Amino acid sequence: MRQTKPGILLANLGTPDAPTPQAVKRYLRQFLSDIRVVDTPRLLWWPILRGVILPLRSARVAKLYQSVWMDEGSPLLVYSRQQQQALAKRLPDTPVVLGMSYGSPSLQSAVDELLAQGVDHIVVLPLYPQYSCSTVAAVWDELARILAPKRFIPGVSFIRDYADDNGYIQALANSAKASFAEHGEPDVLLLSYHGIPQRYGDEGDDYPQRCRDTTRELVSALGISPDKVMMTFQSRFGREPWLTPYTDETLKMLGEKGVKHVQVMCPGFSADCLETLEEIAVQNKEFFLEAGGETYTYIPALNASAEHIEMMVNLTAPYR
């Protein structure tokens with residue numbers, strides 16, 4: 001049997017190269033031009049994107065990035081690099097590279113790097129625990145585009161998602177338990193997932209079900225009453241209905257109802273980023289406290305924790 005040389009491609013969404021309006025505009029243009037993300041007919045969408053959204057949002061989003069930017073760069077890129085390096089250390093005989101759907105390092109550069117190292121079987125691990133057509137399928141599309149003109153096509157193993165993987169669930173549960181030990185058990189543990197348009201789910205995207213699968217398994221692993229856990233969706237964009245209930249509105253409601261202590265976890269994010277560090281840890285904290293809440297804790301993403309890297313080792317093992 002012919003020996004193969006496997007390599008691992010960790011894929012994530014991407015980030016601007018700098019917290020400036022110009023860099024954010026470049027990033028948003030690429031991101032919001034993907035038909036997997038926004039499927040509005042192009043003749044309608046291009047004028048809205050280029051004439052309204054990019055000019056209005058770029059400066060405002062750049063200010064948000066400035067508030068979370070780290071010395072080493074964008075949080076998502078910093079934590080993703082740490083994940084790549086930690087996994088590579090655990091697998092010294094297997095090349096591990098990082099590629100982003102939008103921005104740098106690109107998926108193109110990641111594939112080229114693996115092929116240059118003689119890899120003939122690529123294990124693709126999109127770091128989205130719950131499949132969605134707007135995230136995982138975008139990686140699939142780009143990978144197909146990259147390989148389309150090549151004479152040599154490597155074998156490809158594509159890990160669709162890991163929403164109910166035991167290692168992932170246990171890592172989340174241990175992270176929540178550590179937070180409970182430090183801050184006390186909350187009145188409500190709120191699990192906030194990134195939203196998608198409700199229409200995508202209606203048309204067959206099983207993302208809502210995969211979020212429910214994660215929530216069910218996490219509640220079981222924690223051994224707490226389901227009545228103390230809520231599942232919500234954040235980061236909605238545009239005017240059409242997105243998955244509900246909305247995170248921000250739920251936190252306002254909890255504060256108004258007299259709930260005093262909330263802890264928030266974002267199980268759909270494998271690495272901390274703008275949507276967790278600013279939207280959840282800052283904006284939504286203010287919503288809850290201003291509505292009457294007293295104690296609010298954001299439980300960080302798994303990032304490059306040892307348990308998270310161990311999960312990646314085990315998840316990719318059957319394909320290496």
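Tutor: Let's start with a rule: two strands pair if DSSP finds at least two bridges between them. Keep in mind, too, that this is a predicted model.

Student: Okay, how do you know that strand β5 and strand β7 are paired?

Tutor: Count the bridges. Four of them join β5 (residues 188–194) to β7 (residues 261–265), and the rule asks for at least two, so the two strands pair. They run parallel. For one bridge you can find yourself, look at L189, whose partner in β7 is Q263.

Student: And what packs on the sheet there, touching β5, β6, β7 and β8?

Tutor: Helix α9 (residues 247–256) does, and its direction makes about 135° with that of β6. Helix α10 (residues 274–290) also packs on the sheet and touches β5, β6, β7 and β8, with its direction at about 165° to that of β8.

Student: In which order do the strands of that sheet come?

Tutor: The order is β6-β5-β7-β8, in an open sheet with parallel pairing. The edge strands, β6 (229–234) and β8 (295–299), each pair on one side only. From one strand to the next, the twist averages 25°.

Student: There's also a sheet with β1 to β4 in it. What makes β2 and β4 its edges?

Tutor: That open sheet runs β2-β1-β3-β4, again with parallel pairing. Both β2 (96–103) and β4 (155–158) have a single partner strand, so one side of each has no neighbour in the sheet. Neighbouring strands here are turned by 30° against each other on average, ignoring direction.

Student: How do you know that β1 and β3 pair?

Tutor: Same test! β1 (residues 6–15) and β3 (residues 121–126) share six bridges in the parallel sense; the cut-off is at least two, so they pair. G7, for instance, has I122 of β3 as its bridge partner. Lying across β1 and β3 is helix α11 (residues 306–316), at about 135° to β3.

Student: Let's do helices. Why is α2 called roughly perpendicular to α10?

Tutor: The axes of α2 (residues 42–68) and α10 come within 10 Å and cross at roughly 85°. Angles of 65 to 115 degrees count as roughly perpendicular, so that is the name α2 and α10 get. In the contact, V61, L64, Y65, S67 and V68 of α2 meet L274, L277, E278 and Q283 of α10. Those residues divide into six nonpolar, two polar and one charged.

Student: Then why is α4 called oblique to α5?

Tutor: α4 (residues 107–116) and α5 (residues 136–147) have axes that come within 10 Å and cross at roughly 55°. Roughly parallel needs an angle under 35 degrees and roughly perpendicular starts at 65, so α4 is oblique to α5. Their crossing is right-handed. α4 brings L107, Q108 and V111 to the contact, while α5 brings V139, E142, L143, R145, I146 and L147. Sorted by type, the contact has six nonpolar residues, one polar and two charged.

Student: Last one: how do you know whether the chain agrees with a compact globule or not?

Tutor: Compare the radius of gyration with the rule. A compact globule of 320 residues would be near 20 Å, and the chain has 20 Å, so the two agree. The C-alpha atoms fill a box of roughly 65 × 50 × 40 Å along the principal axes, and the chain holds 11 helices and eight strands.

Terms used: Residues numbered from 1 in each chain as written. Predicted model: local features only at pLDDT ≥ 70, side-chain atom pairs only at ≥ 80, totals over all residues. Heavy atoms only, no water. Helix = DSSP H or I, 4+ residues; strand = E, 2+ residues; numbered from the N terminus. Axes fitted to C-alpha atoms, helices over the stretch in contact; angles between N-to-C directions. Contact = heavy atoms within 4.5 Å. Parallel < 35°, antiparallel > 145°, perpendicular 65-115°, else oblique. Left-handed = near helix turned anticlockwise from the far one by under 90°. Nonpolar A, V, L, I, M, F, W, Y, C, P; charged D, E, K, R; others polar. Rg over C-alpha atoms; globule rule 2.2 N^0.38 Å.
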